[in-house]
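Okay everyone, thanks for coming. Let me put the structure up and then I'll talk you through it.

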Amino acid sequence: METWDAITARRNVRDFDDGPLPRELLERILEAGRRAPAAQNWQPWDFVVVTDREQLTELANVAPGAGHVAGSAATIALILPDTGDRGARDRAQYDLGQATMAMMIAAADLGIGSGHAGVGDQELARRLLGFPEDSYAARFIDLGYPADRPLRPIRDPNRRSFDEVVHWRRW
Ligand SMILES: Cc1cc2nc3c(=O)[nH]c(=O)nc-3n(C[C@H](O)[C@H](O)[C@H](O)COP(=O)(O)O)c2cc1C
């Protein structure tokens, strides 16, 4: 796909077909996240990758909005340091957003659907994934080929209008 097509075709996919993701494609997506920019090149993230069906089914219980993780071909748990410092936490969240979008665009480029899932139950996530006590699971990205229809550029996305969002020179 062209970059612009990948950007405009990405959408949250929550229903995946049964096919596995080839390891090299999964690694390409992870590499996009690893290369993401971060404040002072801090790179606060770690990624835990899950492809085992039983583990995915259990991971889907971390929050009500995470049910779609169970049917994914792979899920990447995005782990951040649990710093008590508000500024550091904000920076890490911004950085992770960049890594997230890089991975989602890389996935779309390969025709692979991606979705976000919030993580409520940190103890369950930690038991299943084994990340250290001084860190937390900030979000999951679940991946797989879309079950409904292939990714295609979306002409009219469900978004606030361009003119409402964009302010030239001053608000
Ligand atoms: C920070 C963030 C958290 C999200 N959390 C969830 C979630 O827990 N479960 C879910 O199904 N979708 C989640 N989403 C997906 C959004 O609902 C979705 O991106 C938005 O409705 C726009 O739809 P689109 O991604 O298909 O364009 C999240 C998205 C973001 C950016």
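I'll go through the sheet, then the helices on it, then the ligand. One thing up front: this is a predicted model.

So, the sheet. We have four strands in an open sheet, and the order across it is S1-S2-S4-S3, with antiparallel pairing. Strand S1, residues 46-50, and strand S3, residues 113-117, sit at the edges with a single partner strand each, so each has one side left without a neighbour in the sheet. On average, neighbouring strands here are turned by 25° against each other, ignoring direction.

Now look at S2 and S4. Residues 74-81 make up S2, residues 135-144 make up S4, and eight bridges join the two. If you want a spot to find on screen, Ile 79 is opposite Ala 137 in S4.

What packs on the sheet? Helix H5, residues 122-129, does, touching S1, S2 and S4, and its direction makes about 70° with that of S4. Then there's helix H4, residues 86-109, which lies across S1, S2, S3 and S4 and runs at about 15° to S4.

On to the ligand. Which residues are around the ligand? Among them are Arg 10, Arg 11, Asn 12, His 68, His 116, Arg 139 and Arg 159. By class, that shell has five charged, five polar and one nonpolar residue.

Some distances, then. The side chain of Arg 10 has an N or O atom 3.0 Å from a ligand oxygen. With Asn 12 it's a backbone N or O atom, 2.8 Å from an oxygen of the ligand. His 116 also brings a backbone N or O atom, 3.3 Å from a ligand nitrogen. And how much of the ligand's accessible area does the protein cover? On its own the ligand has 620 Å², and 55% of that is covered.

Conventions. Residues are numbered from 1 along each chain as its sequence is written. This is a predicted model: local features need pLDDT of at least 70, side-chain atom pairs count only at pLDDT 80 or more; totals for chains, interfaces and linings use all residues. Side-chain values use heavy atoms; hydrogens and water are left out. Two strands pair if DSSP finds at least two bridges between them. Axes are lines fitted to C-alpha atoms, for helices over the stretch in contact, and angles run from 0 to 180 degrees between N-to-C directions. Contact means heavy atoms within 4.5 Å. A residue is near a molecule or strand if one of its heavy atoms lies within 4 Å of it. A polar contact is a pair of N or O atoms within 3.5 Å; within protein, one must be able to donate a hydrogen and the other to accept it, and residues adjacent in sequence count only if both atoms are side-chain atoms. Accessible areas come from the Shrake-Rupley method with a 1.4 Å probe; for residues, only the protein chains shown count as cover. Ala, Val, Leu, Ile, Met, Phe, Trp, Tyr, Cys and Pro count as nonpolar, Asp, Glu, Lys and Arg as charged, and the others, Gly among them, as polar.
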